[in-house]
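I opened my notebook and set out to look around this structure one spot at a time. Come along and keep the picture beside you as you read.

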4 protein chains.
Amino acid sequence: MSGNSIGKKLVLTTFGESHGPCIGGVIDGYPAGFSIDLSHIDSELARRRPGQSSIVTPRKEKDVVEFLSGIYKDKTLGTPIAFIIKNEDSKPSDYRKLKDIYRPSHSDYTYEMKYGVRDERGGGRSSARETVARVVAGAMAKQFLSKQNVQIKAFVRSVGNISTKKTIEDIDFDNIESSPARCPDPEVSKKIIKYIEKLKEEGDSTGGVVECFITGVKPGLGEPVFDKLHADLGKAMLSINAVKGFDYGCGFDSAKMTGSQHNDPFFMENGRIKTITNNSGGIQGGISNGMDIVFRVAFKPTPTIKKQQITVDKTGQKTKFTSEGRHDPCVVPRAVPIVESMAAVVIMDHFLRMQPC
Amino acid sequence: MSGNSIGKKLVLTTFGESHGPCIGGVIDGYPAGFSIDLSHIDSELARRRPGQSSIVTPRKEKDVVEFLSGIYKDKTLGTPIAFIIKNEDSKPSDYRKLKDIYRPSHSDYTYEMKYGVRDERGGGRSSARETVARVVAGAMAKQFLSKQNVQIKAFVRSVGNISTKKTIEDIDFDNIESSPARCPDPEVSKKIIKYIEKLKEEGDSTGGVVECFITGVKPGLGEPVFDKLHADLGKAMLSINAVKGFDYGCGFDSAKMTGSQHNDPFFMENGRIKTITNNSGGIQGGISNGMDIVFRVAFKPTPTIKKQQITVDKTGQKTKFTSEGRHDPCVVPRAVPIVESMAAVVIMDHFLRMQPC
Amino acid sequence: MSGNSIGKKLVLTTFGESHGPCIGGVIDGYPAGFSIDLSHIDSELARRRPGQSSIVTPRKEKDVVEFLSGIYKDKTLGTPIAFIIKNEDSKPSDYRKLKDIYRPSHSDYTYEMKYGVRDERGGGRSSARETVARVVAGAMAKQFLSKQNVQIKAFVRSVGNISTKKTIEDIDFDNIESSPARCPDPEVSKKIIKYIEKLKEEGDSTGGVVECFITGVKPGLGEPVFDKLHADLGKAMLSINAVKGFDYGCGFDSAKMTGSQHNDPFFMENGRIKTITNNSGGIQGGISNGMDIVFRVAFKPTPTIKKQQITVDKTGQKTKFTSEGRHDPCVVPRAVPIVESMAAVVIMDHFLRMQPC
Amino acid sequence: MSGNSIGKKLVLTTFGESHGPCIGGVIDGYPAGFSIDLSHIDSELARRRPGQSSIVTPRKEKDVVEFLSGIYKDKTLGTPIAFIIKNEDSKPSDYRKLKDIYRPSHSDYTYEMKYGVRDERGGGRSSARETVARVVAGAMAKQFLSKQNVQIKAFVRSVGNISTKKTIEDIDFDNIESSPARCPDPEVSKKIIKYIEKLKEEGDSTGGVVECFITGVKPGLGEPVFDKLHADLGKAMLSINAVKGFDYGCGFDSAKMTGSQHNDPFFMENGRIKTITNNSGGIQGGISNGMDIVFRVAFKPTPTIKKQQITVDKTGQKTKFTSEGRHDPCVVPRAVPIVESMAAVVIMDHFLRMQPC
């Protein structure tokens with residue numbers, strides 16, 4: 001019943017409010033005896049960190065992870081791994097005047113309806129700050145999967161109406177991190193940055209699409225009929241703040257295709273059965289088929305904008321207001337490591353679930 | 001760990017292979033003392049039934065549900081409700097020659113990789129016949145939700161490139177069931193039927209998009225941070241055979257919008273807080289806000305086509321083959337009640353989860 | 001949340017009321033490709049079957065298991081295994097007059113308080129008839145474990161005040177099934193039968209203790225801190241009808257011992273670390289240590305007796321009544337295969353959970 | 001799959017090793033808007049704290065709980081409540097020489113077999129220090145239940161062969177805390193203290209039995225057939241360090257009784273249906289019947305003793321050793337609040353699970 005846990009064999013539980021003492025998590029089911037590379041976790045946190053470029057929120061957080069259990073002499077013990085990341089640059093005062101109003105398309109209203117009470121110092125539990133815990137877990141899952149030759153790479157496919165047409169084959173993955181837009185198409189990347197900077201100036205925001213592909217997953221991961229691999233990936237992605245859609249393989253485009261166009265013929269190469277095309281996105285019948293897994297995640301524009309908006313206060317009274325908190329004009333570049341992290345957590349969970357006897 | 005169960009407070013487990021004796025399910029957590037309308041379940045099964053029109057598979061199944069437990073004198077006992085639907089018109093002989101080949105974009109290959117063994121008489125567990133159990137559970141959930149004034153309606157938004165542009169406000173819901181295409185836009189409906197019939201003749205198939213909206217859900221359903229209402233809806237939809245994508249509210253389109261376009265301003269009407277627009281699709285921060293819930297589900301074209309295809313057999317040998325089993329040229333019209341059913345199961349689960357103390 | 005499921009990797013769900021059409025179950029997570037010996041399941045069912053001797057209930061049930069899914073050509077498919085056992089000799093008329101009264105120490109009252117409704121044709125869901133599904137699952141788990149050299153044997157340690165003092169080393173296990181009392185001590189067995197027959201004549205009943213020991217479990221099974229091996233065994237035993245207590249190793253007697261008496265010193269034998277004594281009952285810190293696992297389960301006397309009793313009816317009115325239904329004067333001999341079955345389900349679940357990567 | 005979590009609607013996850021930075025926990029599912037009394041949590045921790053009397057371990061721990069999330073202005077937010085208790089007086093040096101040997105009846109050997117690695121600074125995860133997190137969760141559950149008029153009281157029934165014969169009716173509960181033995185029978189209490197002090201001097205230890213009774217639980221808690229109330233209580237108790245047995249109501253004694261002795265006749269009093277006797281211990285068919293819930297928990301003697309013992313080292317070599325760490329000669333008095341805490345967690349979980357629609 002625990003809504004703050006995900007996974008069945010590798011279980012991640014997160015906790016923490018944006019303006020409480022910390023964000024944290026507990027990972028249960030991580031195999032024992034695994035050497036953890038702490039500097040890799042740091043570098044993943046740096047990819048998500050606020051303040052990393054001109055196009056993201058200026059909130060300053062060191063985002064240093066502190067392990068509380070489950071690791072001894074840099075090795076996992078097989079016991080639950082708890083960790084925290086302190087909240088340092090929280091400015092609850094920014095939010096004081098928002099205490100009694102419901103910001104449009106935020107979760108102030110729904111949290112209050114559900115819980116009858118809320119931490120009004122910012123988003124509280126609903127803040128995307130929670131995702132910092134997911135990045136720690138994701139980094140640890142990536143390290144595990146890396147030993148299994150599984151690599152997970154996400155990038156920005158589009159921001160607003162600006163989109164790269166590059167196919168996955170054409171992408172130079174070294175280019176992803178070289179631009180603050182995390183789009184591996186230098187021309188498009190520049191346009192994206194310019195667009196976000198313009199919106200920032202206007203006090204507006206935009207959405208975008210992150211694409212993720214995963215190589216090296218062996219055939220057999222996924223548990224029909226409900227825990228299909230793409231169903232669990234989809235749920236994990238949809239659980240990330242601001243996500244509005246998920247599709248994999250040809251996704252929504254497959255709805256427009258005929259069977260003769262969409263079917264992926266099998267062939268044999270070097271003793272391994274593969275498909276000529278990969279419209280299936282690496283998953284058939286909910287189970288990985290050994291081809292690259294490809295999916296997309298749609299993010300809505302950040303609801304916090306500096307343009308004046310109308311809304312109501314707690315009493316239902318109409319009111320105008322203008323946001324003053326620090327926020328991203330576009331969350332999509334910072335979402336790239338979050339998407340990868342949740343993918344890693346899901347793939348590792350299914351990897352552990354399918355272990356044969 | 002059970003991949004064949006979904007839900008936390010209302011738990012649906014399904015079982016059965018397409019050519020075994022039956023498909024069935026167990027519903028645990030359904031409240032006691034509820035009067036079940038068996039004729040409503042029958043009518044829901046009829047909406048999914050094969051052979052219902054010229055554009056679907058001619059497989060003949062009476063699809064009569066038989067309850068094994070949990071109901072006494074038409075009332076639920078609070079104990080697990082088990083039920084079966086017999087498989088009657090199974091023709092395993094259709095599949096005999098497919099025993100040793102991997103059909104493209106089916107799950108023959110992945111099931112064999114995962115389990116090392118498979119029921120080669122048709123899709124076995126991976127067959128969409130499994131969804132008959134979901135419709136029984138969905139009908140029961142709908143009856144419960146109906147008492148809570150929750151209504152769930154799905155329809156065909158598009159097939160191939162043919163799509164209705166009608167907004168939800170414009171739709172006449174009485175028109176959905178009047179056409180075998182289940183598209184509530186008579187003009188578009190005719191085009192869809194014609195298109196599917198053409199593909200049927202050509203031995204090809206097509207995909208499409210089902211849209212679902214849900215009215216009457218009170219604010220507060222959904223369990224952050226992982227069991228967000230849309231994350232659980234998304235997983236449930238992605239667990240349906242042939243589904244390739246899910247989005248809600250403005251979905252993938254929201255990625256192109258700015259915050260000032262996308263945000264839904266609150267206002268007060270008749271003592272209830274509502275939003276002027278509903279780009280959020282009835283869910284904010286993973287919790288229902290009392291507005292209509294709207295989402296879309298993308299289906300790929302049926303992989304079974306009568307055109308000749310190439311593939312490999314179990315030994316990796318290249319081979320040509322042509323399907324002969326009975327299949328739908330387009331699953332989308334029959335998927336409408338399945339989408340509604342899974343939505344009902346998820347909404348009822350969250351309804352039961354949020355009960356206050 | 002599903003109270004009718006047990007296990008995490010091997011999940012058993014049961015369903016059915018004593019006077020409904022059948023009792024059944026679904027096993028999810030059973031590995032694929034395993035050859036099932038159906039005659040072994042039958043022989044296990046025969047051990048539990050009513051009417052097997054003069055000291056048990058005369059209810060006549062063939063107790064033939066019918067598999068609905070998950071097995072094809074006698075091999076498991078890796079998909080959920082559903083099965084039913086029909087109720088044939090149900091005599092609801094026996095219960096008609098009990099419809100409005102609460103039988104002492106039965107669950108009529110508590111079911112009605114919980115659910116507001118109940119199947120008054122006998123115990124309904126609360127009847128020990130439900131355990132027939134556990135024996136099917138247990139037989140399948142035993143077959144799996146047997147391939148891992150795990151053997152599970154239970155026997156009657158005591159009935160009323162009659163008890164065998166034999167140590168496990170002294171027991172001739174071939175003697176367990178040779179007596180209807182299932183006590184491997186021929187002298188004690190005779191006394192037990194005589195005692196039960198006397199009580200039967202008097203219309204009374206008695207309790208007893210079943211002891212179970214398990215050989216061949218390798219070190220490492222059990223998941224601290226909550227899913228300790230003995231905690232999961234204990235829960236499974238306590239979930240059996242009429243069970244009032246569980247202890248393992250020296251159990252309640254260990255509370256009277258000193259550490260220097262109770263501690264099990266380690267030693268090395270044939271390259272394997274063992275303990276000289278086994279006061280720990282094969283489990284230390286919740287994890288199997290490779291020694292025999294030993295535990296005991298206390299059963300209360302059957303609440304159905306033919307002596308006149310007083311109680312109240314639904315309105316709270318005092319009333320006298322005398323049972324007429326067919327019941328066991330002592331459930332303990334028939335409980336032996338049920339205890340073994342639940343042990344097998346738990347051990348197999350933990351075996352699958354500990355698979356290494 | 002997460003072995004470090006317990007409960008379904010109220011989920012407690014614990015983490016931490018005895019000599020790591022802290023012990024902690026996360027509580028998910030605690031209702032929102034509840035005012036937490038922090039001083040009550042402190043007082044519960046004080047009851048469990050080491051060093052509280054001459055008969056317990058002299059390890060000095062302040063045991064101050066620090067909340068990391070889920071509570072704002074002393075009110076629960078409905079979000080996960082994370083907390084830690086720092087380890088302050090850890091003396092890993094005490095354990096250095098035990099690094100390579102397996103202490104008898106400790107879990108050194110089983111942890112190493114399971115995980116291949118262990119935190120050799122004391123018991124690590126297997127240490128009873130983990131229970132400090134359970135007491136925090138238990139205190140919070142008690143506060144919730146107290147508002148529902150549920151009271152949970154445990155006491156020491158016996159230590160070694162010394163036992164109080166007082167019935168629950170005879171017990172003066174104000175006497176429990178007045179003696180360091182936590183036995184509400186002053187004469188017996190003195191004997192217990194004397195006995196423990198004698199064993200302490202001899203470097204030995206002893207076991208004992210804690211009895212717990214719970215008043216005010218309304219009828220209807222418990223979820224057949226596997227999550228019976230006593231089955232979940234039993235599992236929770238058996239998950240506590242050093243526990244070897246659990247029984248409820250007449251427990252193991254009921255195995256010696258006849259049905260006519262054991263059955264609890266119903267009667268009506270002040271408009272409420274009750275039973276004349278309470279041999280059932282407040283639970284029938286796995287569901288609370290409104291009478292007091294009574295159960296017992298058997299603890300083995302602490303395995304750490306100062307007498308010389310023999311054992312083997314990691315290589316299997318026979319070796320002698322003598323413990324030097326600080327430990328309790330008898331854990332039973334300190335176990336009283338732990339038993340109460342786990343009972344509170346289970347009862348609250350079931351209370352939340354049974355909420356009606």
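**Entry 1: an arginine in a loop**

I started with Arg118(D), which sits in the loop between helix H2 (108-115) and helix H3 (131-146) of chain D. A reminder to myself: this is a predicted model.

Is Arg118(D) buried or exposed? I looked up its relative accessibility and found 11%, so Arg118(D) counts as buried, the cut-off being under 20%.

Next I checked what the side chain of Arg118(D) reaches. I found the backbone oxygen of Lys99(D) at 3.1 Å. I also found a polar contact between the side chains of Arg118(D) and Glu112(D), at 2.9 Å.

Then I listed the contacts of Arg118(D), leaving aside its neighbours within four places in sequence. Among them are Leu98(D), Ile101(D), Asp108(D) and Tyr111(D). I was pleased to see that Tyr72(A) and Leu77(A), from chain A, are on the list too.

**Entry 2: a sheet within chain D**

Staying in chain D, I traced an open sheet of 5 strands in the order S1-S2-S3-S7-S4, with antiparallel pairing. Why is one side of S1 and of S4 left without a neighbour in the sheet? Strand S1 (5-6) and strand S4 (65-67) of chain D stand at the edges and have a single partner strand each, so one side of each stays free of a neighbour in the sheet.

I followed S1(D) to its partner: 2 bridges join it to strand S2 (residues 11-16) of chain D, and the two run antiparallel. Ser5(D) has Thr13(D) as its bridge partner in S2(D).

**Entry 3: where chains C and D meet**

How many residues of chain C are in contact with chain D? I noted 107 residues of chain C, in contact with 106 residues of chain D. I reminded myself that an interface's size is often given as the accessible area lost when the parts come together. Here chain C and chain D bury about 7,800 Å² between them, with 60% of it on carbon and sulfur atoms.

For polar links, I found 55 residue pairs in polar contact across the interface of chain C and chain D. On the side of chain C that touches chain D, I noted 44 nonpolar, 41 polar and 22 charged residues. The interface also holds 6 salt bridges. I looked up one between the side chains of Lys235(C) and Asp227(D), at 2.6 Å from N to O.

**Entry 4: a sheet across two chains**

I then followed a sheet from chain C into chain D. It is open, with 10 antiparallel strands in the order S9(C)-S8(C)-S10(C)-S16(C)-S11(C)-S11(D)-S16(D)-S10(D)-S8(D)-S9(D). At its edges are strand S9 (162-163) of chain C and strand S9 (162-163) of chain D, each pairing on one side only.

At the crossing, 3 bridges join strand S11 (residues 243-248) of chain C to strand S11 (residues 243-248) of chain D, running antiparallel. Gly245(C) has Asp247(D) as its bridge partner there.

**Entry 5: a strand in chain B**

Last, I looked at strand S8 (residues 151-159) of chain B. I noted that 7 of its 9 residues are buried, so the strand is largely enclosed by the rest of the structure. It runs antiparallel to strand S10 (residues 208-215) of chain B, with 8 bridges joining them.

In the hairpin of S8(B) and S9(B), 2 residues lie between the strands, and Gly160(B) takes a positive phi near 55 degrees. Ser158(B) stands opposite Ser163(B) in S9(B).

Key: Residues numbered from 1 in each chain as written. Chains lettered and ligands numbered in written order. Predicted model: local features only at pLDDT ≥ 70, side-chain atom pairs only at ≥ 80, totals over all residues. Heavy atoms only, no water. Contact = heavy atoms within 4.5 Å. Buried area = accessible area lost by both parts, 1.4 Å probe. Salt bridge = Lys/Arg side-chain N within 4 Å of Asp/Glu carboxyl O. Polar contact = N/O pair within 3.5 Å; in protein donor to acceptor, adjacent residues only side chain to side chain. Nonpolar A, V, L, I, M, F, W, Y, C, P; charged D, E, K, R; others polar. Pairing = 2+ DSSP bridges. Helix = DSSP H or I, 4+ residues; strand = E, 2+ residues; numbered from the N terminus. Buried < 20%, exposed > 50% of the residue type's maximum accessible area, 1.4 Å probe, protein only.
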